[in-house]
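Please open the structure in your viewer and keep the sequence beside it, since this tour moves from the whole chain to a single residue.

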Amino acid sequence: MTKPLCVCVAGGTGGHINAALSVGEAFKEKNHDVLYLTGKRHLDYKLFQGESTIHLDSRPLRTNNPLTLVKNIFLNLKSFSGILILFVKRRPKVVVGAGGYVCGPTLMAGFILGVPVFIIEQNAVMGLTNKLLGWISKTIFVHFTKTKGLSEKLKRKVKVVGNPTRKSIQSVKHHPINLPLKILVFGGSLGAKQINDVIFDLIKDASVSDIEIHHQIGVATETPSPATSSTKYIPMVYIDHIQNEYEWCDIIIARSGASTVSELAIIKKPTLIFPFPKATDNHQFFNAQIFKEESDFSVEVLDPKLSHDASLESVKEFIAKAKRGELRLTQTPVSRNQACELIIKEIENHVRIS
């Protein structure tokens, strides 16, 4: 007997892709076949490796170049036609979009063929693609209760579930902070130049001592100059087993993409946030602000417009606070992330997929 097919769509960022993989994993546990549709960027190939995946040449519609817009519309229509044919041949029970412009043609194809479609909005500000797709979706799953950009009509479709997180991300044991201070630094799936530049100067600063840093620098970053003798520094292009790093570290310095914030809410270790200043609709800043409000441990958020020198001083002060024992540590037991279970349950309320 053929298993029911569930399609999960996402692309471009680790946050989008990991959410899709998490939901797909939950579908598989219910004995469903899962097909992933994504784009053709670096992470689309890396993170979906080994999964049943189709890569689409889908493009964004947000551009100031009229010729690029026409070209992108044509490519999206081409992808849309291919998806229609695919869905006619093998009709899915449900299509779930977890973010990225690749969701546009895929969810539209599903809707036209009468396949129930759902979207996941991970950020505190709803993206353009999801604003449009919200009108055809059965339910809009959101991470934050204060998600911005929702019209009154779309709010009626909203269900707050949190953000789907990989099962490999588990709560960690918390221990007293001892020297050397262990610092985990990462700027998202591809690294972050702003954070990298600050850390590269930090490790050469003789006034900072008794620290160990594990730093994800990204794929397009040159290895920095050697650190001072009092700093142990390990750069990594990509962190394949981040759970090990979460268990190792005392404090964290990171961006505030939705996937990162979701994981940090499970890990509950003192965190310094560098919101990406060029994030669409400034969503990383709003992610960070709400994360700070809802956290029972120290979370500090830097102004995205801070200069390099001011950012470096902020990092040094955060480290100094950690060494002095001034950072607030959580006293609350960590609850299991149930976003995937809630999403599947809600989908089953609309669609018989068994």
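The term pLDDT stands for the predictor's confidence in each residue, on a scale from 0 to 100. Colour the whole protein by that value: the average is 89, and 96% of the residues score at least 70. This is a predicted model, in which local features need pLDDT of at least 70 and side-chain atom pairs count only at pLDDT 80 or more, while totals for chains, interfaces and linings use all residues. Residues are numbered from 1 along each chain as its sequence is written, and side-chain values use heavy atoms, with hydrogens and water left out.

Switch next to a cartoon view, where the protein shows twelve helices and 13 strands (DSSP runs numbered from the N terminus, helices being H or I with at least four residues and strands E with at least two). Select residues 128-133, helix α5, which has the lowest mean pLDDT among the elements, 87, and then residues 271-273, strand β12, which has the highest, 97.

Zoom out to see the C-alpha atoms, which fill a box of roughly 65 × 50 × 40 Å along the principal axes.

Now select Thr63, in the loop between β3 (53-55) and α3 (66-89). Is Thr63 buried or exposed? Its relative accessible area is 28%, so Thr63 counts as partly exposed (buried means under 20%, exposed over 50%, and partly exposed in between, with a 1.4 Å probe and protein chains only). Leaving aside residues up to four places away in sequence, Thr63 touches Thr68 and Leu69, a contact meaning heavy atoms within 4.5 Å. Finally, add Asp296, 233 residues along the chain from Thr63, and find their C-alpha atoms separated by 40 Å.
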